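Here are my notes on this model, as numbered points. Please read them with the structure open.

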Amino acid sequence: MGYGTFGDLQLEAELGRGSQSVVYRASRGGAVFALKVLREDVARSGRVSRTRFRREAALLACLRHRSLPSILEVGDVEGRPYLLLELVLGPSLAAWFAQGRLPEASLVSIARELAGALSEVHRHGLIHPGRARRVQGHHVRGARGAWRARG
């Protein structure tokens, strides 16, 4: 079942929803992406939310870290700003933990990858160190040895 379209993107599935935005699996020309878009009700509520989302999008587009998805496009469709990101596939970190204990070496590797990504985000002023506690296992995807934060 499809979710319709957004501009020239076909929305295939909802991947996540927050208080301000929704993330979809989207495709265009055979390529698959993650699309983060300001929720319609939030976009209608005022210019402040749209301006904040666009500012965050522009700053995120400047980030470069192997554990962060690449920002491929930043734009606006009918007053709704969006980010088009690399789609990160694989099980969530929460799913790996649900399978049981991970070896210590794997945990150390995952911690280093995530700390590096959070450091890069913080260096650009996008996250306060105290908010780093809110990073949740379902936001981190990948295979062992290749963990990445999801958009």
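The points below go from the whole chain to the sheet, then to one helix and two residues.

1. **Status and overall make-up.** This is a predicted model. The protein chain has four helices and eight strands. Starting at the N terminus, the elements come in the order β-β-β-β-α-α-β-β-α-α-β-β. The chain counts 151 residues, and 35% of them are buried. Take the contacts between residues at least 6 apart in sequence: 49% of these join residues at least 24 apart.

2. **The sheet.** Six strands form an open sheet in the order S1-S2-S3-S4-S6-S5, and the pairing is antiparallel. Which strands sit at the edges? They are S1 (5-6) and S5 (71-77), each of which pairs on one side only. As background, strands of a sheet pair through backbone hydrogen bonds, either parallel or antiparallel.

3. **S2 against S3.** Strand S2 covers residues 9-17. S2 and S3 pair in the antiparallel sense, with six bridges. One register point to check is Ala13, whose bridge partner in S3 is Arg25. The connection from S2 to S3 is a hairpin of three residues.

4. **S3 against S4.** S3 spans residues 21-28, and S4 spans residues 31-38. Their antiparallel pairing runs over eight bridges. Two pairs fix the register. Val22 has Val37 of S4 as its bridge partner, and Arg28 has Ala31 of S4. The hairpin between these strands has two residues, and Gly29 there takes a positive phi near 60°.

5. **S4 against S6, and burial of the strands.** S4 also pairs with S6, again antiparallel, over five bridges. Here Ala34 stands opposite Leu85 of S6. How enclosed is S4? Six of its eight residues are buried, so the rest of the structure largely encloses S4. S3 is mostly covered as well, with six of its eight residues buried.

6. **Helix H2, placement and length.** H2 takes in residues 47-61. The helix lies across S3, S4, S5 and S6, and it runs at about 25° to S6. A quick geometry check follows. With 15 residues at 1.5 Å a residue, H2 should span 21 Å; the end C-alpha atoms are 21 Å apart, so the two values agree.

7. **Helix H2, two sides.** Which residues of H2 are buried? They are Ser49, Phe53, Ala57 and Leu60. Viewed down the H2 axis, these buried residues fall within an arc of 70°, so they line one face of the helix. Their cover includes S3, S4, S5 and S6, along with helix H1 (40-45). On the other side of H2, Arg47, Val48 and Arg55 are exposed.

8. **Ser27.** Ser27 sits in S3. Is this serine buried or exposed? Its relative accessible area is 15%, under the 20% cut-off, so Ser27 counts as buried. The side chains of Ser27 and Glu12 are joined by a polar contact of 2.7 Å. Beyond its neighbours within four places in sequence, Ser27 is in contact with Asp8, Leu9, Gln10, Glu12, Val32 and Phe33.

9. **Arg80.** Arg80 lies in S6. Why does Arg80 count as buried? The cut-off is under 20% relative accessible area, and Arg80 has 18% relative accessibility, so it counts as buried. Where does its side chain reach? The Arg80 side chain comes to 3.0 Å from the backbone oxygen of Leu38. Arg80 and Leu38 are 42 residues apart along the chain, with their C-alpha atoms separated by 5.9 Å. Not counting residues up to four places away in sequence, Arg80 touches Phe6, Val37, Leu38, Arg39, Glu40, Ala43 and Gly75.

10. **What to look at again.** Ser27 and Arg80 are both buried. Each has a polar link worth viewing: Ser27 to the side chain of Glu12, and Arg80 to the backbone oxygen of Leu38. For the sheet, follow the order S1-S2-S3-S4-S6-S5, then place H2 across S3, S4, S5 and S6.

Terms used:
Residues numbered from 1 in each chain as written. Predicted model: local features only at pLDDT ≥ 70, side-chain atom pairs only at ≥ 80, totals over all residues. Heavy atoms only, no water. Buried < 20%, exposed > 50% of the residue type's maximum accessible area, 1.4 Å probe, protein only. Polar contact = N/O pair within 3.5 Å; in protein donor to acceptor, adjacent residues only side chain to side chain. Contact = heavy atoms within 4.5 Å. Pairing = 2+ DSSP bridges. Axes fitted to C-alpha atoms, helices over the stretch in contact; angles between N-to-C directions. Expected span 1.5 Å × (residues − 1). Arc of directions from axis to C-beta.
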